[in-house]
Each structure stands twice: as structure tokens, then as C-alpha cells.
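Biologist: I have this model open on my screen and would like a close look at one part of it. Please pick a residue to start from and walk me outwards, step by step.

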Amino acid sequence: MPTFHIKHLTQYTYTQPVIDGANQIMLYPIINEFQKVVDQKINVSTNPKIATYNDFCGNTVGTFMITEPHNFVSIESEIEVHTSSIIYPEDKIPAEDQWEALKPLRNDISFMDFLRFIRFDGTEEIADMLVKYDLNEWSPYRMAVELCSYIHHNFQYAKGITTVDSKLDDVWRLKAGVCQDFTNIFLQMIRMLGIPARYVSGYICPSTEASRGEGATHAWIEAYIPFYGWLGLDPTNDIITSEHHVKLAVGRNYHDCAPVVGVYKGDASDDLFVKVKVSHVKKNNDSLVFPEVNDLNASTNRYRQNLELIQQQQQQQ
């Protein structure tokens, strides 16, 4: 049972002071039979009260407000988590029976949202590719693994050419991107087959082999395999998820699982800093720190303190 220490820093800095910042965080690992959270600390600049609730997918969501003027928001999450090995599907039931077992899920409210796919520039090409597979021979499990490999081998891993708002058409045209882009395309493929699939956000942790996606939050999918349940597949690394994947949240898409989102009042633009470090030893994460920011609140407090000191001196005179 591996133990991982995860440090996740998020910082927004603003060009001008802003007020009434309303923020949502999804930084709480899912607790199940494969991962147990031993400890977690979340620290936010100005120490606002964080309220939590469970959303429609069972994720823990945190919310907080910063009403006073501020020029940055820093969020630090430190997690200690134990993970355990996952038992993979045996895939012994005939493929035809497995596909039949999926059909009733189209009318099951628990699965409907995970079956809807988006039509985009690649839809017809994907449909033409899928009809070449004989589903009497290819089970849902085998198809999911096959398409995971297809994404890995036909899309180039390239940072900086896409954003969280990049459209499927752009990713399909570029045939490149990062884990989120691969996950978004993979979701559409799996759903087109009639297999429920959901987006997963989380972390990929150190293993004996180098993995794409380390040093940031990671994304992959979970496909619903008949007579088994939800199975994680990571197209960025062409693997079935294992004890080296830590889940934060699941949903229909990225927007259901975004680690940090927020809004504010003010005529300012923002800049985002995000870093993640994962280690087997907690002290190895100590070198990960926030960049220095001129703290508006600290400056304001110093001004008030100096003003009070001057007033006291004048009264004494």
C-alpha cells in the first residue's frame, strides 16, 4: 500500500485590488476502497471560513468568500494518502452479453449524463473508425483499452498549445495537447459506443517509470464496464489507472471537476500560478513555495499602524 504526500499550490494575482471574491475548490480526494486520506490541510490567504458540501456526483466541494480588497489569493493543499492496487476486469462474459447489459443504462438517470456525447469535427471520422470493429468479438473493456491506445499513439503530448477552454475541434485538428485534451476526446469516443464514461481529475504519482502529467493536476476517464463497474483509463500514458493515480473528483466534463474556480468584482486581470509536487516523503515537498507577492493587506495594516503611532505621538504632545 503506497503512501503519497501531495502538495498543491494555486495562486491568482490581480493587476488591481479586487473585492468580493467567491471561490470554489475541489481539492478533497475521493475516499473509497482504493484510496484513504490520512491527513489533509488546506490553507487560504486571509484565512476565510471554508464551507463544504457533496455535489451530485458525490464529490466534496469547498466554498469561501474574500470580501475585503485583495490583490492575490493563495490556496495551499497538503495531503497524505494511502492507495491500494485495483483489481482489473476478468472480461470472461461474452462480448454480446456485455453490450446488451449496457443498453438499459440509456434510460437510467444515474448514467444518462455520462452517455451524452458532443458532435464535433472528428465525430464522423471516429464513427467510421468504430464501425470497423466487430462488437461480437470486441467487449466494452477491450474497446476501451483499444481507444485509450489510439489516443496515446495518434495525439502528441505538447504543453502550451491548448488551454482549459480549447474546443474539441481545435484538439482534433492539432492532434496534440495535454491530459485534459486527450481525456475530452476519449470521452466522446467511449460515449459514442454507448459506454458510460466520466471525466476524472486528480494526480499521477511517482512510479518506477516516468509518467506524463506529473507536476500538475492530471485527468483521465472512467468507463463503466458491465459486470465490473467504473474502470479508470489514462490515455496520456496509455495505461489502466492504478495505485499511482489519486482521484480528486469525477463528473461529466472538466467543468464539473475543476480544482479551483472563482469570480471577483474589480477592473483587473489575473495571472494564475499552479504547481504540484508528489513524493513518498513529506519533507521532499518543502521546496515547493509560492512566488513572492506584495501583500495589499499587509501594506494596508502597516499604513494603519503608522497612522495610529503618529496620532498617539500627537496626543502626547
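Modeller: Let's start at Tyr 224, which is partly exposed, with a relative accessible area of 22%. Please keep in mind throughout that this is a predicted model. The cut-off helps here: buried means under 20% relative accessible area and exposed over 50%, so a value of 22% falls in between.

From there, move to Trp 230. At 24% relative accessibility, Trp 230 also counts as partly exposed. Tyr 224 and Trp 230 form an aromatic pair, with 5.3 Å from centre to centre and 70° between the planes, an edge-to-face arrangement. Trp 230 has a charged visitor as well: Arg 198 lies over the face of this ring, at 4.1 Å from the ring centre.

Now let's follow Trp 230 to another ring. The structure holds 11 aromatic pairs, and one of them joins Phe 111 to Trp 230. The two ring centres are 6.0 Å apart and the planes meet at 25°; planes under 30 degrees apart count as stacked, so this pair is a stacked one. If you click on the two residues, you will find Phe 111 in the loop between helix H1 (95-102) and helix H2 (123-130), while Trp 230 is in strand E10 (residues 229-234), so the pair ties together parts that are 119 residues apart in sequence. Phe 111 has a relative accessible area of 11%, which makes this residue buried.

Next, slide along strand E10 to Asp 234, which is found in that strand. How exposed or buried is Asp 234? At 0% relative accessibility, Asp 234 counts as buried. The side chain of Asp 234 has polar partners: one is the backbone nitrogen of Thr 236, reached at 3.1 Å, and another is the side chain of Asn 237, joined by a polar contact of 3.0 Å. Setting aside neighbours within four places in sequence, Asp 234 is also in contact with a list of residues including Cys 148, Ile 204, His 218, Trp 220 and His 245.

Beside Asp 234 in the sequence comes Leu 233, and here we step into the nonpolar interior. In soluble globular proteins, nonpolar side chains tend to be buried together. The largest nonpolar core in this model has 46 residues, and those with the most contacts inside it are Leu 147, Ile 185, Ile 190 and Leu 233. Helix H5 (residues 179-192) supplies the largest share of this core, eight residues. Leaving out residues up to four places away in sequence, Leu 233 touches Ala 144, Val 145, Cys 148, Phe 186, Trp 220, Ile 221, Ala 223, Ile 239, Ile 240 and Thr 241. Some of these names will look familiar, since Cys 148, Trp 220, Ile 239 and Thr 241 are among the contacts of Asp 234 too. Apart from this core lies another one, of 24 residues, with Phe 4, Tyr 12, Val 18 and Val 81 among them.

To add some context on the aromatic side, ring pairs also link Phe 120, Phe 155, Tyr 157, Trp 172 and Phe 182 into a cluster. Trp 172 in that cluster has a charge over its ring: the charged end of Lys 175 sits 4.0 Å from the ring centre.

One more stop is worth your cursor. Arg 252 is found in the loop between strand E12 (245-251) and helix H6 (254-257), and at 32% relative accessibility this residue counts as partly exposed. A polar contact of 2.7 Å joins the side chains of Arg 252 and Asp 256. Beyond neighbours within four places in sequence, Arg 252 is in contact with Phe 56, Asp 113, Phe 114, Leu 187, Arg 191 and Tyr 199.

Finally, zoom out to see where all this sits. The protein chain has seven helices and 14 strands, and its C-alpha trace spans about 95 × 40 × 35 Å along the principal axes. Buried residues make up 45% of the 317 residues. Links across the sequence such as the Phe 111 and Trp 230 pair have plenty of company: among contacts between residues at least 6 apart in sequence, 74% join residues at least 24 apart.

Conventions
Residues numbered from 1 in each chain as written. Predicted model: local features only at pLDDT ≥ 70, side-chain atom pairs only at ≥ 80, totals over all residues. Heavy atoms only, no water. Core = buried A, V, L, I, M, F, W, Y, C linked by side-chain atoms within 4.5 Å. Buried < 20%, exposed > 50% of the residue type's maximum accessible area, 1.4 Å probe, protein only. Helix = DSSP H or I, 4+ residues; strand = E, 2+ residues; numbered from the N terminus. Contact = heavy atoms within 4.5 Å. Phe/Tyr/Trp six-rings, centres within 6.5 Å; stacked < 30°, edge-to-face > 60°. Lys NZ or Arg CZ within 6 Å of the ring centre and 35° of its normal. Polar contact = N/O pair within 3.5 Å; in protein donor to acceptor, adjacent residues only side chain to side chain.
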